[in-house]
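Work through these short exercises with the structure in view. Try each task before reading its solution.

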Amino acid sequence: MFKQFISTIVLFLTIGLTALAQVSGVSGKVVDENGEPLVGVSVVVKGTSTGTITTADGSYSLPSSVSKNAALVFSSIGYTTVEEPIGGRNIVNVQLATDEMFLDETVVVGYATMKKRDLVGAVDAVGHEVIADRASSNLSRALQGSVAGLNITFNDSKPSHGGSYNVRGTGSIGAGGSSLVLIDGVEGSMSMVNPQDVESVSVLKDASSTAVYGARGAFGVILITTKNAKKGRPTVNYSGSLVVNSRTVVPDDIHDSQEWLDIWMAVYDGYYNGSKARLNHLDNKAPYSQEIYDMIVARKSDPTIPNVLDKELVSGFGYTYLDSFDWLGAFYRDHFYSTEHNLSVSGGNENADYYISGRFYDSQGVFKVGNEDFKKYNLRAKGSLKIRPWLKLSNNMSVTFDRTYLPRQQAGQSVMRIMEHWANPMVPPKNPDGTWTAAAVGTGYASYVEGKNYRLDNYLYLRNKTDIDIDIIKDVLKFQADYSFNYTDRQYMVVQKMVEYSKSPGVFVKESETAGEKLQKIDYHTLYQSANAYATWTPRLGKNHSLTALLGYNAEWSKYETLNASRLGFTSEKPSFALMDGEATITQGGNEWAYVGAFYRLNYSLLGRYLIELSGRYDGSSKFPKYSRWGFFPSGSLAWRLSDEPWMKWSRSWLDNLKIRASYGSMGNGSVSPYKYTSEMTLSKASDITLGGNLPIITSVASTVPESLTWETSTTYDLGFDMDILQSRLSTTFDIYRRITSNMYTAGETLPGVYGASVPKGNNAELRTDGWEFSIMWRDQFNLGGKPFKYSVKGTLWDSRSFVTKFNGNDGKKLGTIANLIANMGEPDYYEGMEIGEMWGYTALGLFKDWDDVRNSAKQNFKQTVNNDTYPGQVKFADLDLSGEIDYLGLTVEEHGDLSIIGNSTPRYRFGFNFNTSWNGIGLNIFLQGVGKRDWYPGYDSGYFWGRYARPFFYFTPSIHRLSNPTVAQFEGEGESYHCTNWDTAYWPRPTTYQSNSQDKKTVLSTPNTRYMQNAAYLRLKNVELSYSFNEKVCKAIGLQALKLFVNGENLLTFTPLHKWAPNLDPEGIDGGDTDFSSNTLNGTAYPTFKSVSLGVNVTF
Amino acid sequence: MKKYIAALVSILALATSCDDFLSKENPNAIESEYFFKDENSLVIYTNSLTRSWVPEIIDFVNGDRYTDTHGWDGKYNFYTDNYDVDDMTSWSWSFLRSVNYFLEHMGEADVEKDIHDHYEGVGRFFRAMFYIGKVQQIGACPYYDHTIDPKNKEDLYKARDPRSYVCGKILEDLDFAATHCSGDAKYRNRSTYVNKYVALAYKARFCLFEGTYRKYHEIDHSTGKPWTAEEKAEGEKYLNECVKACEEIMNSGLYGLVDNPSNRATQYRDLFTNSDGCANLTKEFIFARDYDATYNVNNTKYSINDYMLNAQHAQYAFNRDFVMTYLMLDGTPFTSLYPGTDYYKATFQEECVGRDLRLAQTMRTPGFTRAKGTVHYAPDLVYSKTGYQPVKWLYDQTDLDEINSPTYTDVPLMRYAEVLLNYAEAKAELGACTQAVWDATIKLLRERAGVKSIYPTSADPYMVQYFLGKVTDPIILEVRRERGIEMTMENIRQQDIRRWHMGELLVKQKTGMWIPAIETELDLDGDGNVDNMVSAKVSEKSGIHVLTINYNGSTLSGMGTTLSEGNKGYILPYTANQKDYRWEEKKYLYPVPASSVTLNDNLDQNAGWEK
């Protein structure tokens, strides 16, 4: 019954794509190992395009034109492919064997690999196919969206930047702590791995699967396994690609000076209402007068008027500027290139094997000037040696070197940020005498062009791991030990030199001169060693029982040191301390920590369908005082394979696997910085004062010691089910979980201010995270033009919410200060009951229509103008507590006036959707990724969103703020009749400045409100790859084993409601600025996000 | 067998002693119990206290912004009715913790007794400085002479100690410092270390503050109740202590006024624009913040010139009422040149003739030049609000005018001139400012400014009126005149006004220079070229500053700057005139932050600030 139903579905799916079978010729029936007919099996005449598929009863027939000497190829998803010569027969029946590799995929788990069907914990894995061919600078870019529950977030597309990641949401608001990343079993960072070396990535999500990592795995473990040697004759593989990158969002701004000045006047007068004269200059960058304005207008129709006049019209400005210069255009390239080359050699025999790979990645930067450059070199050499039949020794060494050269604004400001203040469109980069203008120097443009200011970052990662495997009793008792030595070195250098500009002929000013001309070099290095020893015992207990016991020991030690030297006074162009003559400063930092742990895991299965796993770890950390140093973290889980029950026999023909899993476990988190439990005093040299003529050595009051300091504990409950049906055509996994992080290391109860120090921290708070993950995959094949057309579709969707369930440090449930609320875009201080990410703000009713509307509404209490007056066309907030005015009272959870929770900034309903096809050597992969729900409020001073509503002189003025735009408030009348004509349809309020420039409670647009809350959900075509693999014959003919050409596109399309009002922001680039430079807090000032198209080749010799 | 041994050896090799392995010392910090060991550790710790305590130049110069002498383009919310206890957030006690930690632990250092006592004096000096700040801000406050254990509820939730008790403790600390701190040259190096004379000078300032506060205030604003007889009587004790402290400095022979009769036109301003005052002006500098070019230690915010010049940031302007107080060179009041109150019609040009030489060294007057006389600067009516634009802290070099130009002005936080003023005032308040006292103090200051000294015998009616008719003692009035002029923009006026019980002056109408007629071009710097104009119509005119005023509702919103008599009169700058300013008795103290009162039931609120 059921079978027929399913068969019908399969048929339906394949109908129309398949050449219908013809009468006569070759026919037959295809069955499985149990003699059950198989539907949908592809039957192709080898070497031709003739073929068909089997019907519901497993039968097929081919036309008489088929040569009886040919061979038939039978293939089906989940079964091994069979090639059967016809040998003159008319009827060819075959039996297909289950593909064990397919049904029983193995997954890397802690200190072992396991068959997927035996898993009892929540583990997800992806193979190298997800990563291969994507010319990404960083592995994390390729993993985003591909594993349910693995949240990877990017701030920008800078090649040297990776993503930030967590498993299953916020883990701790105390000590912090992110997922543990292990590369071949040793802690590392995703940015040090060559993505092309990766064989698989496993994500261990629940306590059951991470328990063997104890205190390091509290918030998930990401296991990255590199490719192993392929035994046999040496295989040489080369892949290379050329990538063209361009920005996903090209800002659309107003840089026509007339319009730019019109907006300046509108917002300035809007704020001061004539009570303050316009300045005779624009933020000291350019002179201004009506005469200058008139000349700018005249110049638009008379290009003979020069862009700079050598004439003092305003005192202090010897030059008068009339240009309409596009500063963004001057800085940014339309597109730029990256290249990648990989070469690997692999081979071996029974006794020895090796894998050696190298990679070179080179990328330009997005700036037209300054020669920004990023290079990365990877080398990996792996090999193993079977010394005795029972003794295997292997070694895995890798070296990664990357070099980032960043041009720098003279004071180290991010140009995206500082342009806001300096890039005045009236001012071109150069004065008539060839000197730089204030705008050119302030923005950093001059510095970029001159190339004298830069930052150089060199990273070296050296990792070596030696493994020894001893088979004490073959297949029963195995002992393994490994030792790793990692060395990370970062050389960081900043060359800071002043750049001169001129506002009057012959008068030169050095911008940012207070910062001084200096060279700074910082050396960071980390020496890390770890050792593991573990034994695995797999006794033979007969057919119905299976047991695996693992017992192990782990020790880790890390020593981190920094040496920071700087010196003033260059005497030469060369950046060397030896050639300088000024004051030198040296500081040193660093720390040392160690972990020791003993762990066990027992896996028992009864009748192959009742699975039990018990694991645990006893951990010690040097970061805690002796009396609270050790912690024991056990976990257990159960799984039941219903599909293997005898009473489920009826379903066997279509149900391959149905498993229910339940796990519970606790883990430790000890991610506090070392030495917290000792009261300490530091020494440093002051740089802001001289005493007795010298820079004094200073200290600080002894640090306070926490009330308690021990492991935070994260306890996870996980319930999951896995189901595979139709020979694993359809697989699905669902997990629901709750994680409670207790004893979080946060500040204790609020103490009176007279205490004089921040409240001592202790293990005080608790967080609960509830979430679920779902993934479903359909994979199948059919014949198209006689060739199997393979395809798979996979969707993943996951979500989680976190709540603070206990918080000792905020007894009064205060939401914090209004300034912090604004700075954090509505996010309050932690309090008991709070949901992570919640945003507090006012409810906007719209824009004021006229004076009557202003008078008849609640008092707004904002600085909508300099005198706190509110005008028609300005934003009207709702007086929710009916107090007659807009207020926030005590700013507590109980008393919050007109504030309420208006959104949540946590990305929710994250998803990935993957579509894979291959046919006749042509492959097409499409990967969509996104976030289903996310609220976002543009931060204060973010000119990329607020434009001149933030500050009157801000450079960046979004085109949608154009005064004539109907979505900007329009006005009619004067005095009492002054009113807003489009109060009901406009989005942007009355042009008025200083509405979103500070954290002050009176700054109306800075405080989050419902009107300007943005929806930052998005759907992104993350990756598309079209590839062609030449068939074997062609390859052989040209002496290759395999040859593939591909075109790959990243971030090609983006759909997001954010772009309605924030067209200049990328949904993945809204948070903060470029972390490499200071002043990085404004939304939209991040380094850009790119879309990339790459063209590549992959050759195997 | 071999393989079993191999396995065993590997396990043993890894199983090191755990507790040793897990004990790590911080290589880059000192465990606090080992910090204090020798004199150097005391030096390091007290250097840190000095660094935390001394203000940045901008914060120092900004100190007078919201006083009677200035019209600052910004609203001081505290003076309005909008200010309430929630707006009070400043309640930091971390500096006290640092000081008390030092005093508790410095004894661990193995040093000679006199060294120990010197540094204990330095520590106690800073504790006094901390509590002076608290007393001036919130009056009575809990007094602690030790660091607080977070578990000590009694300390944490303590009630306030009375103002008189706290002041007594401050005096004790200052006396200890003045007695035990050394005054040796080593500690006077570049006027940057706390020494005996620094302690004496600050003691004098504090004693004058508290002495006059008790004298002029009838109630203790922390309690809202009148002083007890004892508290009131203590006022005189503080004035006497002030006198004693000043005398000790004056008699030391170590300090004096920088006064070279041939440099009188420039030497006053040089005190505030000298990039190495700590070396050049040690005679007058008692305590200073030392900026230094060699080490690139400069103003960290905007450059000081930017603050004096850039319309966007500066916005300083003197108030005309204050400008009137500058004497004529012959020692007579400027206001007495005119019959009755006609002096208010004096034009800017007239005002600038024959005045105290400090006038031209404090604000832009005709003939003011920079860059070695090559660049003339006329007052800019548009941005200086009142027309009286400051130059006191303005460097001559025009290449340092940009926002980020490095300036290295050494800032005299305590100079000898103030000691003289404190001495004269304490004496005057005690009714003992004799001709001899006058000659040793005010006379010297006036002569340095080119003004003839006249021992006052009758009250200048202008000064009486300035102080709202409440002060009539001719000597006290002259001492106050002198103090205002000599010390302007040196972060002292706010407390002066408060201790004199003259809060009304802080919220009074600001006034600017006299404009004889609108729509008439003006040549304020007298160089023969038009530089300013006041107009009700024109808003911009090439090359000159046009102040657009509101005359007969000529501005868009009916707001804006006006002239006192419509189309002529003295300037009433709109942005500096805060119509919603209102003075109240309670404002002599700030409220205790509401959050602290909520947290600690024993903490009372200041009178008038209760919710």
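**Exercise 1.** How far apart are the mean positions of the positive and negative charges of chain A?

*Solution.* This is a predicted model. Start with the counts: chain A has 105 positive and 114 negative charges. Take the mean position of each set; these two points are 6 Å apart. Now do chain B. It has 67 positive and 88 negative charges, and their mean positions are 1 Å apart.

**Exercise 2.** Describe the build of chain A, from its secondary structure to its surface.

*Solution.* Begin with the elements: chain A has 14 helices and 55 strands. Next, compare its radius of gyration with the globule rule. The radius is 33 Å, and the rule gives 31 Å for 1101 residues; the two are close, so chain A is as compact as a globular protein of that length. Then look at its extent. The C-alpha trace spans about 100 × 75 × 70 Å along the principal axes. Go inside: 59% of the 1101 residues are buried. Turn to contacts with a separation of 6 or more. In chain A, 70% of these join residues 24 or more positions apart. Finish at the surface. About 41,200 Å² is accessible, and carbon and sulfur atoms hold 56% of that.

**Exercise 3.** Do the same for chain B.

*Solution.* Count the elements: 24 helices and 13 strands make up the list for chain B. Its radius of gyration is 28 Å, close to the 25 Å that the globule rule gives for 611 residues, so chain B too is as compact as a globular protein of its length. Its C-alpha atoms fill a box of roughly 110 × 65 × 55 Å along the principal axes. Of the 611 residues, 61% count as buried. The accessible surface is about 22,500 Å², with 51% belonging to carbon and sulfur atoms.

**Exercise 4.** Why is there no bond between the sulfurs of B:Cys242 and B:Cys246?

*Solution.* Recall the bond first: a disulfide covalently joins the sulfur atoms of two cysteines. The cut-off is 2.5 Å between the sulfurs. The cysteine sulfur closest to that of B:Cys242 is in B:Cys246, at 4.1 Å, which is too far for a bond. Over all chains, the structure holds zero disulfides.

**Exercise 5.** Is B:Asn552 buried or exposed?

*Solution.* Place the residue first: B:Asn552 lies in the loop between β11 (545-548) and β12 (562-563) of chain B. Exposed means over 50% relative accessible area. B:Asn552 has 70% relative accessibility, so it counts as exposed. For contrast, B:Cys242 is at 0% and counts as buried.

Definitions and conventions: Residues are numbered from 1 along each chain as its sequence is written. Chains are lettered from A and ligands numbered from 1 in the order in which they are written. This is a predicted model: local features need pLDDT of at least 70, side-chain atom pairs count only at pLDDT 80 or more; totals for chains, interfaces and linings use all residues. Side-chain values use heavy atoms; hydrogens and water are left out. Helices (H or I, at least four residues) and strands (E, at least two) are DSSP runs, numbered from the N terminus. The radius of gyration is taken over C-alpha atoms; the globule rule is 2.2 Å times the number of residues to the power 0.38. Buried means under 20% relative accessible area, exposed over 50%, partly exposed in between (1.4 Å probe, protein chains only). Contact means heavy atoms within 4.5 Å. Accessible areas come from the Shrake-Rupley method with a 1.4 Å probe; for residues, only the protein chains shown count as cover. Lys and Arg count as positive and Asp and Glu as negative; His and the chain ends are not counted. The place of a charge is taken as NZ of Lys, CZ of Arg, CG of Asp or CD of Glu.
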